[in-house]
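Visitor: I would like to understand the reasoning behind the labels people attach to a model like this. Could you take me through it?

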Amino acid sequence: MGRVLQEAVAAPYRNLVTRPTGAAVRIRIEAALAVSNCLTALLDFSEIELVDLSCADEVVAKLLLTPQTAYFLVLQGLREDHHEAIEHVLTHHRLAIAAVPPGCMVPRLLGWVQDDAREAFTHISETGPLDVSGLARALGWTASRSREALGDLTLHRLVRPMGELYYPLQTA
Amino acid sequence: MTRVIEVPTHFDDRSFDTFAAGFGEWPPEEKVLVDARGTQWASPYGLIGILTAGQALAEAKREKPLLTVPTSDEVKRYWARAGFFSQAAELFELHGKVPRPGATGPSDVLLDVTPVRASEDVHGVVHKISEGASRILHGELGLEMKATLRFSMALSEACQNIVEHAGTSGWVAVQAYTFRRRLGRRVVVIAVSDAGVGFRRSLESTHAKRFGERWGDGAALEAALIQGVSRFRDPGRGQGLAFIKRFLDQWEGKISIRSGTARLSIVPPWDEDIPLSDHLPSFPGAQVQIIIPAQDPKSR
């Protein structure tokens with residue numbers, strides 16, 4: 001993200017601020033994804049100093065709002081204040097994204113999903129792929145509750161459904 | 001004929017209305033002389049308010065106004081250090097000896113009076129503030145480290161309001177000083193001002209109907225600051241002021257916005273301001289002030 005930012009603003013800044021900057025960064029990311037075969041895009045914020053709300057909205061929220069995207073998005077290298085800005089805008093839009101905390105492989109959720117979907121996300125991220133009945137058994141839920149939670153996660157592109165199984169997003 | 005507008009002796013957000021009243025109807029027909037000879041102190045809000053008046057007169061194609069500089073050498077040095085005169089020279093015909101800026105050593109000016117014309121300027125402002133902000137906010141005011149980044153975020157969002165909504169350029173200044181009378185503690189003050197269309201005109205086409213007869217400068221400020229509305233239909237807009245308000249709550253900070261003939265403030269317990277003041281003397285554009293106080297030593 002640091003490199004994309006510096007290309008977008010043509011200056012050595014490390015602050016992801018302002019809407020025009022956010023839009024320029026998002027367009028570059030979309031262009032890179034359009035020619036990539038990868039299923040999951042990992043956006044690395046470790047070289048970014050500051051993310052303001054306008055940029056969080058223009059980059060993260062708008063990437064998630066892009067209709068019919070073929071890829072999954074995961075954030076990494078976020079600091080606490082990055083979390084705060086991104087969480088704020090995603091909650092505003094009722095969106096969510098997976099973010100990998102520094103030094104950790106298991107992602108956490110940023111933004112807004114139903115409580116059950118959040119619990120299902122954590123469980124699948126920690127234990128690996130499950131089907132509806134497997135999740136229901138593991139969490140002591142009914143099958144319909146489990147199906148609904150997994151449906152929510154699929155809608156938010158927070159798990160990869162393949163056949164009967166729901167896979168955690170790749171984070172490395 | 002010349003209209004003389006006296007700058008208050010102690011020029012801040014409280015005395016701003018006296019200054020605004022001096023102009024009468026905007027834009028005044030006569031040549032304007034802004035007389036700061038007797039001014040003993042000006043907050044960043046006051047300084048960029050003077051520049052805003054100068055800019056509004058220039059945009060109204062009025063004759064270049066005159067500005068007589070403060071008589072006090074100390075006040076002049078302070079204004080020079082804050083970068084005021086270098087900006088004012090473009091808008092006013094300056095009368096009186098002006099000291100050279102930067103010749104007086106370190107100060108509590110965190111950000112000189114800086115023009116904001118485009119989003120690139122916001123990058124410059126955020127970049128420039130980062131080091132000094134940490135020293136003052138964490139070192140002097142006792143705020144947690146992450147407050148520095150929130151502060152920069154607030155600054156960025158406040159400056160972007162000019163670029164996105166004003167329809168013209170504006171100024172920002174950031175300074176630390178002691179609020180002796182009101183609070184008895186150190187504060188950091190962000191002041192942002194523009195000579196643009198103001199909140200009412202910015203929001204009118206999309207929100208006036210909903211307010212009916214209540215629509216005016218005060219209602220427009222309420223819509224923006226309390227309800228988080230924006231003139232853009234994009235649902236992601238309007239979050240900046242809401243976020244600023246939320247973290248100012250945590251720090252017992254204050255935000256006040258003056259636009260047209262109204263001023264709306266989120267008033268912390270230490271202040272006795274009126275939340276909404278209406279029917280004030282008209283002034284162009286919008287003026288925002290954010291005050292972040294030192295944390296109470298007992299709670300550190």
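Visitor: Thanks! How much area does chain B expose, and what share of it do carbon and sulfur atoms supply?

Guide: Bear in mind that this is a predicted model. Chain B exposes about 12,500 Å², with 49% of that supplied by carbon and sulfur atoms.

Visitor: Why does the radius of gyration of chain B agree with a compact globule?

Guide: For 300 residues, the rule of 2.2 Å times the number of residues to the power 0.38 puts a compact globule near 19 Å, and chain B has 18 Å, so the two agree. Along the principal axes, its C-alpha atoms fill a box of roughly 50 × 50 × 35 Å.

Visitor: Why is Cys55(A) called buried?

Guide: The label needs under 20% relative accessible area. Cys55(A) has 0% relative accessibility, so it counts as buried.

Visitor: And what makes Cys104(A) partly exposed?

Guide: That class lies between the 20% and 50% cut-offs. Cys104(A) has 32% relative accessibility, and therefore counts as partly exposed.

Visitor: How many disulfides does a search of the whole structure find?

Guide: Zero, over all chains. A disulfide is a covalent bond between the sulfur atoms of two cysteines.

Visitor: Why is the sulfur of Cys55(A) not bonded to the closest cysteine sulfur?

Guide: A disulfide requires the pair of sulfur atoms to be within 2.5 Å. The closest cysteine sulfur to that of Cys55(A) belongs to Cys159(B) and is 14 Å away, so it is too far for a bond.

Methods
Residues numbered from 1 in each chain as written. Chains lettered and ligands numbered in written order. Predicted model: local features only at pLDDT ≥ 70, side-chain atom pairs only at ≥ 80, totals over all residues. Heavy atoms only, no water. Areas by Shrake-Rupley, 256 points an atom, 1.4 Å probe, with all protein chains shown as cover. Buried < 20%, exposed > 50% of the residue type's maximum accessible area, 1.4 Å probe, protein only.
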